[in-house]
Amino acid sequence: MIIKDVKLLDENFQVRDRMNVVVEDGKYLSITKGMPDPEGREVIDGRSKFMMPAFYNTHCHVPMTLLRGYGEGLPLQRWLQERIFPFEAKFSPQYKYWGAKLGALELIKSGCVSITDMYFDLVDYGRALYEAGMKANLGNGLVTFDEDASYFEDNSYKDTMKLIQWIRDNETENDGRIKADVSVHSEYANKEKALREAFAFAADERLIVQAHISETKTEHEECKERHGMTPVAYFEKLGAFRSPVVAAHCVWLEDEDIDIMTAGGAFMSHNPSSNLKLGSGIAPVRKYANKGMRITIGTDGASSNNNLNMLEEVNLAALLCRGQSLDANALTAADMVKAATRDGALAQGRTDCGLIKEGFRADFIVFDLDKEHLTPDYDTLANIVFSAQSSDICMTVCDGEVICKDGEALFIDEEETIAKAAESFKKVLESL
Ligand SMILES: [Zn+2]
């Protein structure tokens, strides 16, 4: 494939005009000013288009699309006890598959090719993402309420091992698209022994650790009462930061937490919609970034967002950062786009993704610039962050494969997926 005469975001996050990009075997073969010999390749007209790396969403619970709008307005504990836990007890692997496929539709239409996801029945719902042509880092979030519980006897471990086996069995075809992470729900939903074991397992197997950290002020303060230290310090004590960590939310980090996260090379997943909707607060990302912490962006699940639109999340993150820091250039449009693309890919251990660069995997999106709200095209990145809508994305490409074109998913039967998802939700409700 050749994208001809296209405006693009280069590897230094600079906008460049009239470039020609050759994609071959899933990677960028060349990115040049001059038009290369087409050699029988499909040529796509890139005029009035903008090409940039696709989004990597670093915190999601994708099957929870089926819980969208279920239990609105309840405080966290009542929401969990009265709504989420009873629902999840009846949430079969097949229903999760349809929930994940519904989520995949939303994700790829809004330019996301890869998610870091925490849920259960990883192989079952991971298959929906895989079939959609996406990538994912999947982890079964450990929850332990018993002091003596062992990670190695928990379903979190067993489910992760099942996924690792699936990845081994499908090594060639999968080609690193689906990955296994070690996922622990949070400090407050676990006991020390199981956490230590999970972190040791992650370090031994060189796996990424996913966790919710300091999402609410209450959770943060209660951890200090329980353990005499913050959630980040507690996780460090238990060995979490021997592995690369992707920490979701991080609304209430203290100065030492930032130092630990930065020294450990951890990534924060900034989830602004969810944090606002659940009344958790606004994470001070400019302060974190200034201290060298690596910021990425995630939607969180559809039960607390309520959609999976990464472009909307980038827009909100940029606005909040400026409003909170009283600085109109607190983090630039390019900083925000980098957080949602390259840094997200790095948080998923995808070192050859997230940049339009020769030799890198071709994960990209194309915006149609011929829109009233994108005219004039004077500052393209500002238009993308502050004005563009996800419906302006006319192409989503993962590993060189077009997975969504002109708003239509190419590997998902949309009508069937929407019908099955709605039916799955209805069946769970009827069984309660
Ligand atoms: Zn979450």
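The following exchange covers a sheet, the helices packed on it and the cysteines of a predicted model.

Local features in this predicted model need pLDDT of at least 70, side-chain atom pairs count only at pLDDT 80 or more, and totals for chains, interfaces and linings use all residues. Residues are numbered from 1 along each chain as its sequence is written, and side-chain values use heavy atoms, with hydrogens and water left out.

Trainee: Which strands stand at the edges of the open sheet of four strands?
Mentor: Strands are DSSP runs (E, at least two residues), numbered from the N terminus, and two of them pair if DSSP finds at least two bridges between them. The order is β6-β7-β8-β9, with parallel pairing. Each edge strand has a single partner, so one side of it is left without a neighbour in the sheet; these strands are β6 (55–60) and β9 (178–180).

Trainee: Which residue is the bridge partner of Asp117 in β8?
Mentor: β7 (residues 112–118) pairs with β8 (residues 135–139) in the parallel sense over five bridges. In β8, the partner of Asp117 is Leu138.

Trainee: How many disulfides does the count come to?
Mentor: A disulfide is taken as a pair of cysteine sulfur atoms within 2.5 Å. The sulfur of Cys250 lies 13 Å from the closest cysteine sulfur, in Cys223, which is too far for a bond. The count comes to zero.

Trainee: Is Cys223 buried or exposed?
Mentor: Buried means under 20% relative accessible area, exposed over 50%, and partly exposed in between (1.4 Å probe, protein chains only). Cys223 has a relative accessible area of 0%, so Cys223 is buried.
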